[in-house]
Amino acid sequence: MVINMFEMLNKTKIFLKSFFESTYFLILISVLTIINYQFNLGVITYNVTALFLILMVISKSNFVSLPSIFIFVLGGGLTGLPNFKSFWFILFCILAVLLLCVLVIAIIKNKDKIKPSLIHNSFFVTTIILIITMFLSLITSVDRLKTLGAIGGFSLNIIVMMFVLLTTDKTNDNRKKLGNSFMCVTLVIFAMMMFKLNEWLKILPFKQILIEKRLQLKWANTNHYVVISNFGVVISLVLLQEYIKNKKYMNIVLSAITIVLGISIDVLVFSRGSIIGLGCSLIVGAIIDVCKNYHNKKKIIVYCSLAISLIGIVLVLYFKGVFDYLFNHYNGNQLTGRGEIWVVAWKHFKENWLLGTGYGTQRIFIMSETSHTVYNYHNCFLQISTCGIIGIIAFILYLVNICFNIYKINKTYNIFMIMLFVMFMVTGSVDTLFFSNKIMPLFSICLCYIDLKPKEISLENQWKEKLNIIN
């Protein structure tokens, strides 16, 4: 009887692992996200998420669907404080404690595997260094509570990174599943936008919505969810070539649909920084692909035809005055006040150049010295300048580490990460994507799928040999 029970438990774990890594789970979590967005399920969302995560840890599932789970949490979520005496809140507290216990047990059981993996993962280390510089800025912070709160939010990236590092194998199959999750996220965001558009169409004509309004979802700034959908566009374009080569027609159709709908999101909300970032990302990806396949005449002809067509479209739009018309309808200022905010950031960096004014304190100065009510400096480097020159150096180290390692990885994933990095850097010149709690965890997930450097693999093997000798 005991043996049968163990067999049943084992079969259940195998089934759950298979389910959580399958397309069926992606479809389920996508449908739940749309329902969540429509009906604002609030704390119920966190209960479902906690339950999924507990089952995934217990069944030792690879967290290839984490982007979709992440969007599920953000898709509706809480719009205000929950009822702390409600059944759903109490249940969430119980599940949260249970999830913590399950994670701690999993970490203790795998400590021999975890230690060398974390110590020798350079992305994990450089992210930790970034957080240390944020804590150092507490020394000179003008508001220590704000700094602690901001550090807590950014630390989410370390938790996500560690979570994925401990659970996911860096295989081509898992990378493709991760890509499928990002594609689903893009489709979900498009569905959310269609619901929002439908609401606006009841009171305004489509042209007025497109030109004068920006479709705002409940959980993020427009720039954030457009950039998230661009993840799906970039990886769809990279995978599309592979699917065409292998004649996987269903995947070709899904990738093409994701690309079209993802770009439609950019156009509908006219998020200029995200559009430019995606454009630069696609250009870099095309250049890399051409350099790798310069002998392939058909591919060169296709790229040349696309380039000529796009240049033609841009020129027609420019001479028709479409760009001027669109830009002038957005506050009459192409930088929407960023120039004024950047002057404030630069001033306070010069006055507090060593340790800064305290990470996360920028809004104090923006509110008191400008007419704006934004939360950040709208530039990645100026944002981390709140930690002084030490923070900037740590951030540069983080970026250099990515550049140094990015070419060593799997060929298909290599192109995806380079394109993604370009998109982040270009968009980050007028935004703070690296320090957004809605974006940075997703970027951290992608970093976790990069293979360790040869030196790191060698060190990891040495650790394993020592552990085997001890045991």
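1. Which residues does H348 touch, not counting residues up to four places away in sequence? H348 touches T357, F365 and E369. Contact here means heavy atoms within 4.5 Å. H348 itself sits in helix α17, residues 338–351. Helices are DSSP runs of H or I, at least four residues long, and are numbered from the N terminus. H348 is buried, at a relative accessible area of 10%. Buried means under 20% relative accessible area, exposed over 50%, and partly exposed in between, with a 1.4 Å probe and protein chains only.

2. A word on the basis. This is a predicted model, in which local features need pLDDT of at least 70 and side-chain atom pairs count only at pLDDT 80 or more, while totals for chains, interfaces and linings use all residues. Residues are numbered from 1 along each chain as its sequence is written, and side-chain values use heavy atoms, with hydrogens and water left out.

3. H348 also helps line a cavity. The rule runs on a 1 Å grid over the protein atoms alone: a cavity is a set of points where a 1.4 Å probe fits but cannot get out, and lining residues have an atom within 4 Å of a point. Points are joined across faces, edges and corners, and a volume is the space filled by probe spheres set on them. Two cavities of 30 Å³ or more are counted this way.

4. The largest cavity has a volume of about 40 Å³. Its lining is A345, H348, F349, N352, G356, T357, Y377, S385 and T386. T357 thus appears both in this lining and among the contacts of H348. By class, the lining has three nonpolar, six polar and no charged residues. For these classes, Ala, Val, Leu, Ile, Met, Phe, Trp, Tyr, Cys and Pro count as nonpolar, Asp, Glu, Lys and Arg as charged, and the others, Gly among them, as polar.

5. The second largest cavity has a volume of about 30 Å³. S30, T33, S68, I71, C184, V185 and V188 line it. Helices α2 (23–39), α4 (66–75) and α10 (172–201) each give two or more residues to this lining. The largest share, three residues, comes from α10. Here the split is four nonpolar, three polar and no charged.

6. Now the packing. The largest nonpolar core has 99 residues, and Y398, M417, F434 and F443 have the most contacts inside it. Helix α12 (residues 222–246) gives the largest share of this core, twelve residues. A nonpolar core is a set of buried Ala, Val, Leu, Ile, Met, Phe, Trp, Tyr and Cys residues joined through side-chain atoms within 4.5 Å. Another core, of seven residues, lies apart from the largest one; among its members are I341, A345, I366 and Y377. A345 and Y377 also line the largest cavity.

7. F443 deserves a look. Leaving out residues up to four places away in sequence, F443 touches F231, Y398, I402, M417, L420, F421, F424 and F434. F443 is buried, with a relative accessible area of 0%.

8. The whole structure holds 24 aromatic pairs. One of them, F424 with F443, is tilted, at 4.5 Å centre to centre and 35° between the planes. This pair links distant parts of the chain: F424 is in helix α21 (residues 411–427) and F443 in helix α22 (residues 440–448), 19 residues apart. F424 is buried, also at a relative accessible area of 0%. F434 and F443 form an edge-to-face pair, 5.6 Å centre to centre and 85° between the planes. Rings of Phe, Tyr and Trp (its six-membered ring) pair if their centres lie within 6.5 Å; planes under 30 degrees apart count as stacked, over 60 as edge-to-face and the rest as tilted. Ring pairs join a cluster that includes F154, F182, F231, Y398, F424, F434 and F443.

9. Check two backbone angles. Most residues other than glycine have a negative phi. K247 has a positive phi, near 55°. K247 lies in the loop between α12 and α13 (249–269) and is exposed, at 58% relative accessible area. Phi of H378 is also positive, near 55°. H378 is in the loop between α18 (362–369) and α19 (380–384), but counts as buried at 13% relative accessibility.

10. Is Q362 buried or exposed? Q362 counts as buried, at 5% relative accessibility. Q362 is in helix α18. Beyond residues up to four places away in sequence, Q362 touches Y375, N376, Y377, Q383 and T386. Of these contacts, Y377 and T386 also line the largest cavity.

Notes
1 Å grid on protein atoms, 1.4 Å probe; cavity = no way out; pocket = protein on both sides within 12 Å on 5 of 7 lines; lining within 4 Å.
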